[in-house]
2 protein chains.
Amino acid sequence: MKLEDARKELISLQRKLAAYEHAVGILYYDGATTAPKNTADNRGASLSILSEEIYRYSTSDETVALLEFLDEHKNELPLKEQRMVYLMLRDIREMQKIPMAEYVAYQELLVKAEDVWEKAKNASDFEMFRPYLEQLFATEKKFAGYVAPEKNVYDYLLNKYEEGLTTQTLDKFFGLLRSELVPLIHKVGEMPQVDDSIRHGNFPKGQQEKLSYYLMELMGLDLGRVGLSETEHPFTTSLGSHLDERITTHYHEDDFVSSMYSVIHEGGHALYDTGSADDLAYTVLDGGTSMSIHESQSRFYENIIGRSRAYCAYVFPKLLELFPEELQDYTAEDLYRAVNMAQPSLIRTEADELTYSLHVMIRYEIEKKVFAGELEVKDLPAEWNRLYKEYLGVDVPDDKHGVLQDSHWSGGLFGYFPSYALGNAYGAHFLKKMRETVDVDTCIRNGNFAPVNDWNRENIWQHGCIYTPAELLDRVLGEPFDAHHYIDYLTEKCKDIYGI
Amino acid sequence: MKLEDARKELISLQRKLAAYEHAVGILYYDGATTAPKNTADNRGASLSILSEEIYRYSTSDETVALLEFLDEHKNELPLKEQRMVYLMLRDIREMQKIPMAEYVAYQELLVKAEDVWEKAKNASDFEMFRPYLEQLFATEKKFAGYVAPEKNVYDYLLNKYEEGLTTQTLDKFFGLLRSELVPLIHKVGEMPQVDDSIRHGNFPKGQQEKLSYYLMELMGLDLGRVGLSETEHPFTTSLGSHLDERITTHYHEDDFVSSMYSVIHEGGHALYDTGSADDLAYTVLDGGTSMSIHESQSRFYENIIGRSRAYCAYVFPKLLELFPEELQDYTAEDLYRAVNMAQPSLIRTEADELTYSLHVMIRYEIEKKVFAGELEVKDLPAEWNRLYKEYLGVDVPDDKHGVLQDSHWSGGLFGYFPSYALGNAYGAHFLKKMRETVDVDTCIRNGNFAPVNDWNRENIWQHGCIYTPAELLDRVLGEPFDAHHYIDYLTEKCKDIYGI
């Protein structure tokens, strides 16, 4: 094999795999957005065949020979291609340890589980979802045993979303958050609560949709390449490459704030994905490097920018234009206070910045226990409700508002939740760094996000998966990551809103 | 090879191809419904790779060997499997005559052409679309030359949608329609025109969407398996199998009738597709047997049922409920007369039953001439406008309302249009036959379409592609197809509306 030919083959192999991922991705996307409700089996049949084809191509003798040849010549390859070969070989070696039939059956299970989860959630019936969830946990555990028998199962799963992350690190991280945030939450609880009546009223879907596009454009998304759809649970996905990106939201006609911040959150993910350098398209380096860096971007736009006083002031006139009757008696300051209300609650995606990490911590504890064999799936609702009472002081009325609220488990995402909390904390440290060269507050005040986006593009987005999350953090921060910046940021916000 | 193994392999091969067709189908569907506007190239890249894979599987040595083995043993196969082998071998032998690179390039061209056509239509700029249309015509001609060098190019193309159809047959068919319908249209032109003001007004999209779902349910579509989306040009497609069907419509807020009859038309296609026997799913026998039989069903529901007096009376209360202010001064009879107004016009999809076939005839004449080398693509708008003046007496104001109005050519559908006129005529003959056992008028009056659907399912839908269109016509009619039933039907309608 000639090196030049092998390098070309490397690119065309990735292009082929990207086409298959495009097909699989759009089938999932269709299932979550547009597909009629009883078509999951039909879609599952096609998904399982296409997944089998991906598996076959990814692990074929030709592919392995190609990658091993390139790996032997890695010192002659450009940095990007070295990284491609490393990532692909790593995944293949993991994949090869999972029997093909089991891998394919799991893809089929995922499709059914997603469908059943949605029905179970609507019926608030955990028992309907339980057998699927048991299979999902069991399969992930079994796969972890195939791939990394030497590792703690949950550590292995955490690593899927964040290279090098361990329960040890997270226990420490969450320990800090708990010791610093719980007292803060208690103090807030003793203060008079803010008035959030501005968000409640009658906000027709059509008007909220206009707001979505306004927000997307304002934050600098290219609407020619980034689409918006409706789903039960908002998400962001690239289709084929970062050149076709989709975000989704869920409109509640009695509360415009919910979808508004979903759109900004998913829009942050979309900015990161679509910010990949164009020559990364159709390669394994396209898109974000880890889930926590991804969440650092989504939550940066949602919270640090979106829940700032300056942002609320900037968008308020547009809100007034869209919902004149409902908002005529309110001010931008009312919006700022309402969207920063801190109050223990039931739903993670609608939780405030302050209590958010506790929602994540509950999921972290539960996943850790199930994988350690210390908790059975059938006891999950009871444990969920117990932890919500213990950490957040709230009573969970039913499974819909409890253990069934998130789509993650039905999609096989175990070990993913901690990314949200890490992402928050990374974002606060990025902000400190960004302020050294960008006048962030003036940018927000003027609705001019180009300097902010340019900084993120330059430092984070363009690199796709070229660097590991740890390498990227090093490059961006130039100092060790420190979660205290996040604590400081939250403390300051509490001071501003509650005067404590 | 053992026969039993080969038969199993035949089923699993079709299942695999169905998964690929599902992927390709949903990528096209996404492009027409949801995708952001500048993502066609990204989608095209994936489509070309997936099409290449379909080509590879369909024409591989293993596939050909399998099918030829089964073909040798066809007398030992059940009828359905004989038909599968015949159809697949026929297509492969055609496909093998087209060089793979050209086939793949054509798939890519189709994606781009669809995108450019939409932009060109919106800009009413034929020149923007011309280079693509030239390539489309040229490629179809070249492919026809590869596949059937002995045949007239246009005859070959007609056969793609209707086995055995020739320009000779069509010249005769259109000749009859012309000689019978043109005088009728002239007579109608001399009568006082009906008042169609009921359809014009302000009909919000949201309300029209509710109407769509009402109509779909009324006609007996299973909304758990049949979805509705919006597109520039309405169409129907199966995804993976008839177990997931999608129809689309285009809402005009100043005229509810346009989308209303689009939905019934596409709903008719969807009834046919979803009526395939379930054991045909994921085989080449799934769905309709030819385009004209397909159109016979869509236009049966749209026109014969949907434009009947009884149907207008049945749905009028629902219309009044949805659009109380706009319709309060009208009656069901006003609706009936308005939707049956006969008047030469510009847009085929909105043409009335009487003049519709002339729109089709114009496209037939143009396609025939281009493929015969008697007309160049650059002269197409002028010829289009000339024929509209000659046959329909109308002046075409711009390309948007002229030569760019239909999506068919941008999708590579040449020789397809005649199906619409044939479908109309088949439907009228089916009606005569159906009346022998079903009291169609009472069914419509009561909004009870089960007996009508049962007759169609029994006689037409369940058979999928088991029979050729000619065989199916023979079975259903038990006598030679006769276009005079269609003439009679139209004559009676004119008498009722215009008193002639």
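At what angle do helix α10 and helix α12 of chain B pack, and how far apart are their axes? Keep that in mind as you click around; what you have open is a predicted model.

**Stop 1: chain B**

Select residues 256-274 of chain B for α10, then add residues 309-322 of chain B for α12. The two helices pack at about 120 degrees, and their axes lie 14 Å apart. Since angles over 145 degrees would count as roughly antiparallel and 65 to 115 as roughly perpendicular, that angle makes α10(B) oblique to α12(B). Line up the view along the crossing and you'll find that it is right-handed.

Now turn on side chains. From α10(B), show Phe256(B), Met260(B), Tyr261(B) and Ile264(B). Facing them from α12(B) are Tyr311(B), Cys312(B), Val315(B) and Leu319(B). Colour this contact by class and you get eight nonpolar residues, with no polar and no charged ones.

**Stop 2: chain A**

Hop over to chain A and pick residues 3-33, which form α1, plus residues 79-95, which form α4. Here the packing angle is about 55 degrees, with the axes 12 Å apart. That puts α1(A) oblique to α4(A) as well. The crossing of this pair is left-handed.

For the side chains, α1(A) brings Arg7(A), Leu10(A), Ile11(A), Leu13(A), Gln14(A) and Leu17(A) to the contact. On the α4(A) side, pick Glu81(A), Met84(A), Val85(A) and Met88(A). Which classes show up this time? Colour the contact again: seven residues are nonpolar, one is polar and two are charged.

Key
Residues numbered from 1 in each chain as written. Chains lettered and ligands numbered in written order. Predicted model: local features only at pLDDT ≥ 70, side-chain atom pairs only at ≥ 80, totals over all residues. Heavy atoms only, no water. Axes fitted to C-alpha atoms, helices over the stretch in contact; angles between N-to-C directions. Helix = DSSP H or I, 4+ residues; strand = E, 2+ residues; numbered from the N terminus. Parallel < 35°, antiparallel > 145°, perpendicular 65-115°, else oblique. Left-handed = near helix turned anticlockwise from the far one by under 90°. Contact = heavy atoms within 4.5 Å. Nonpolar A, V, L, I, M, F, W, Y, C, P; charged D, E, K, R; others polar.
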